[in-house]
Amino acid sequence: MAKYVAAIDQGTTSTRCMIFNHSGQSIGIHQLEHEQIFPKPGWVEHDPMEVWARTQDVVKGAMKNAGITADDLVAVGITNQRETTVVWDKTTGKPLYNAIVWQDTRTDKLIKELEGGVGQNRFREKVGLPLATYFSGPKVRWMLDNVPAVKEAADAGNALFGNMDTWVIWNLTGGPNGGAHVTDVTNASRTMLMNLETLNWSDSICETMGIPKSMLPKICSSSEIYGYTQVDGPFGAKLPVAGDLGDQQAATVGQACFSPGEAKNTYGTGCFMILNTGEEIVPSKNGLLTTLCYKFGDAPAVYALEGSIAITGSLIQWLRDNLDFFDYAPHVEDYAKEVDDNGGVYFVPAFSGLFAPYWRSDARGAIVGLTRYVKKGHIARAALEATAYQTREVLDAMNQDSGVPLTALKVDGGMVYNDLLMQFQSDVLDVPVVRPKVAETTALGAAYAAGLAVGFWSNTDEMRENWGIDKTWEPTEGSNASTDLYKMWKKAVTRTFDWVE
């Protein structure tokens, strides 16, 4: 009898596949990194064919590590780095350009043009998003304007667009031979092209951005059968592909944040806090995004407020890869522990501008407060602290928008195993920080969505029962992290403004 669900988690720096049982426990995992391509300052790309190759490899590896065959699986779920934009030819299955990653800032001039004298919030009422380099729609427009092959294929009706979920599902379900060209509401809500109320592509915005609707995938719920894997594919059998969620929404589902007012924060390449607002669309007055949380089958859509931070885990990766600070990312904690504090150093990683709550594409990264006293440990510590400070800024905005102060923060993602960071996070927020037993909740959320569609889990109550606490960090008595240190951070942030003219 089949008793597991497979989840493919296509992330910014790596792709992994995890196999989950009914209790939400992983019984097998395989993960592989892919290349980060930086053609020019501010440009970030991925090779979609490399990503698809890694996807196939991790599926086979996870099944081997779990000791199972496709006969043991009931469904496949997908979760993905959102906003990363792929355009490919539907007849050949080949990308027409590298994927433009969500961190990429090449559309900054186009964003100014699209403001059309109205400003950053021109489309916000319909889509819940400010005009920013972050989102998919302007990236598609840039390709149409700058990549002749994309324009030619679009004119011929052969160009298909998708975030990475769409690319992976299309390939899994047959590619050029009848692959499903679909996305879910959470991914569609990150394009700037979907109307939040109708959950359909906006004709007027597509026209304004100059994007043919023929390129766009069909918008589906987050939990339904989109198609079936191919017998000659990585699973080696016909299985329903039945779950699709953007990575942060998947983590929200994996954290069982199913009630309005419940929130989670994911610490990955970037940092993303999501607050469930129920069936109500809540406009933000404090620099947050209004977005979809999930939509399960025919049930009403559930909405959310989100605070997006571009650079957190990738800052540690940058110290490792670009500056050779250490050989392995976890070593950052070892260096940070060599000093008692940050030595007066603040590291504002505005490599892709500043996301929530500022939305300043003119900002760039800065290390401030340097003196001869400062050594490696202080910079390592400042890099970790930057994540905690940015999270505090987002939480303050969320408290103001929702009117409900958060009493504890559920956390997940790779950085939550860094004890120094998690303790400092609690001190900066002045609330408890709670890590669940399954911290890789992004993949778990995708598994839940897929399993729900095929009846493996019958309702969200069953998923909530799987959630349990692994560790809690309480604020340190007498800490000045939430007051004096945070005040200095706010000062440091202002030093990054107006760098790009």
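This is a chat about the pockets, the cavities and one helix contact in a predicted model.

Trainee: How much space lies in the largest pocket?

Mentor: About 990 Å³. The lining consists of 39 residues, and the closest to the centre are T13, Y267, G268, T269 and G414.

Trainee: Which helix gives the most to that lining?

Mentor: α10, with five residues. That helix spans 313-321, and it is one of the elements that each supply at least two residues of the lining, along with β2 (14-20), β3 (26-33), α9 (247-254), β13 (263-267) and α11 (331-336).

Trainee: And by class, what does the lining of the largest pocket have?

Mentor: There are 19 polar residues, eleven nonpolar and nine charged.

Trainee: OK, the second largest pocket. Which residues lie nearest its centre?

Mentor: F38, W43, V44, W318 and F351, out of a lining of 26 residues. The space in this pocket is about 640 Å³.

Trainee: Where does the largest share of that lining come from?

Mentor: From α10, which supplies five residues to the second largest pocket. By class, the lining of this pocket has twelve polar, seven nonpolar and seven charged residues.

Trainee: Switching to cavities. How many of 30 Å³ or more does the structure hold?

Mentor: Three. The largest has a volume of about 90 Å³, and the second largest about 80 Å³.

Trainee: What lines the largest cavity?

Mentor: A set of 14 residues, with I309, L354, F355, A356 and Q390 nearest the centre. Helices α12 (376-402) and α16 each supply at least two of the lining residues. The lining divides into eleven nonpolar residues, two polar and one charged.

Trainee: And which residues line the second largest one?

Mentor: Among them are G24, G254, A256, P436, K437 and V438, as well as L444, Y448, M463 and W467. Two helices, α14 (441-453) and α15 (460-466), each contribute at least two residues to that lining. The classes there are seven nonpolar, four polar and one charged.

Trainee: Back to α16. At what angle does it pack with α13?

Mentor: About 95°, with the axes 7 Å apart; α13 covers residues 419-429 and α16 covers residues 481-494. The angle makes α13 roughly perpendicular to α16, because angles of 65 to 115 degrees count as such.

Trainee: Which residues meet there?

Mentor: On the α13 side, F424, D427 and V428; on the α16 side, A481, S482 and L485. By class, that contact has four nonpolar residues, one polar and one charged.

Conventions: Residues numbered from 1 in each chain as written. Predicted model: local features only at pLDDT ≥ 70, side-chain atom pairs only at ≥ 80, totals over all residues. Heavy atoms only, no water. 1 Å grid on protein atoms, 1.4 Å probe; cavity = no way out; pocket = protein on both sides within 12 Å on 5 of 7 lines; lining within 4 Å. Points joined across faces, edges and corners; volume = space filled by probe spheres on them. Helix = DSSP H or I, 4+ residues; strand = E, 2+ residues; numbered from the N terminus. Nonpolar A, V, L, I, M, F, W, Y, C, P; charged D, E, K, R; others polar. Axes fitted to C-alpha atoms, helices over the stretch in contact; angles between N-to-C directions. Parallel < 35°, antiparallel > 145°, perpendicular 65-115°, else oblique. Contact = heavy atoms within 4.5 Å.
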